[in-house]
Amino acid sequence: VQTERGAVQYDKRITMDASAYLPSDGGGRGITATGAVARHGIVAVDPRVIPLGTKVFIPGYGIAGAAETGGAIKGQRIDLCMESYHEAIQFGRRDISVYVLG
């Protein structure tokens, strides 16, 4: 798949229901399930679908790390961390292709 950094190899492509979150959502601490600081490039996944620690590529978002779980993230759902409320609202909720990098 072609990224802003050039072509990268991927193991599989998954169509997922995507939404956006802010670092202050949930408990408000901004620390993910893996202990990482929530910021752009951190996504919440169901670890049964995409294991925590996995790198993914999302067109229009970039390369990200699966480092959060989220209470409502079950099955083919993914939550992308955004930098601002405006950015999160603008993203909304939609189906996206997620490329699991190898």
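**Group meeting: a walk from the core outwards**

Okay, let's start in the middle. The largest nonpolar core has 26 residues, and the ones touching the most other members are Val43, Ile50, Ile58 and Ile78. Who pays into that core? At least two residues each come from strand 3 (10-21), strand 4 (42-45), strand 5 (55-58), strand 6 (62-68), strand 7 (77-81), helix 1 (85-91) and strand 8 (94-101). Strand 3 gives the largest share, four residues. As general background, nonpolar side chains in soluble globular proteins tend to be buried together.

Before I go on, a reminder that this is a predicted model.

Let's stay with Val43 for a second. Which residues does Val43 touch, if we skip those up to four places away in sequence? Going up the numbering, you get Val56, Ile58, Tyr61, Ala64, Gly65, Ala66, Ala67 and Glu68, and then Ile78, Asp79 and Leu80.

Now zoom out to the whole fold. We have eight strands and one helix, and along the sequence they run β-β-β-β-β-β-β-α-β. The radius of gyration is 13 Å, close to the 13 Å the globule rule gives for 102 residues, so the protein is as compact as a globular protein of that length. If you like box dimensions, the C-alpha trace spans about 35 × 30 × 20 Å along its principal axes.

How are the contacts spread along the chain? Take those between residues at least 6 apart in sequence: 70% of them join residues at least 24 apart.

And the surface? Of the 102 residues, 43% count as buried. The accessible surface comes to about 5600 Å², with 50% of that belonging to carbon and sulfur atoms. On charges, there are 11 positive and 10 negative, and their mean positions are 4 Å apart.

Last stop, two alanines. Ala36 is in the loop between strand 3 and strand 4. Buried or exposed? Ala36 counts as partly exposed, because its relative accessibility is 26% and that category lies between the 20% and 50% cut-offs. Beyond its neighbours within four places, Ala36 is in contact with Gly30, Ile31, Ile42 and Ala67. That Ala67 contact is a nice one to find on screen: Ala36 and Ala67 are 31 residues apart in sequence, with 6.9 Å from C-alpha to C-alpha.

Then there's Ala7, in strand 2 (residues 6-7). Ala7 has 63% relative accessibility, so it counts as exposed. Leaving out neighbours within four places, Ala7 is in contact with Val1 and Gln2.

That's my tour, thanks!

Terms used:
Residues are numbered from 1 along each chain as its sequence is written. This is a predicted model: local features need pLDDT of at least 70, side-chain atom pairs count only at pLDDT 80 or more; totals for chains, interfaces and linings use all residues. Side-chain values use heavy atoms; hydrogens and water are left out. A nonpolar core is a set of buried Ala, Val, Leu, Ile, Met, Phe, Trp, Tyr and Cys residues joined through side-chain atoms within 4.5 Å. Buried means under 20% relative accessible area, exposed over 50%, partly exposed in between (1.4 Å probe, protein chains only). Contact means heavy atoms within 4.5 Å. The radius of gyration is taken over C-alpha atoms; the globule rule is 2.2 Å times the number of residues to the power 0.38. Accessible areas come from the Shrake-Rupley method with a 1.4 Å probe; for residues, only the protein chains shown count as cover. Lys and Arg count as positive and Asp and Glu as negative; His and the chain ends are not counted. The place of a charge is taken as NZ of Lys, CZ of Arg, CG of Asp or CD of Glu.
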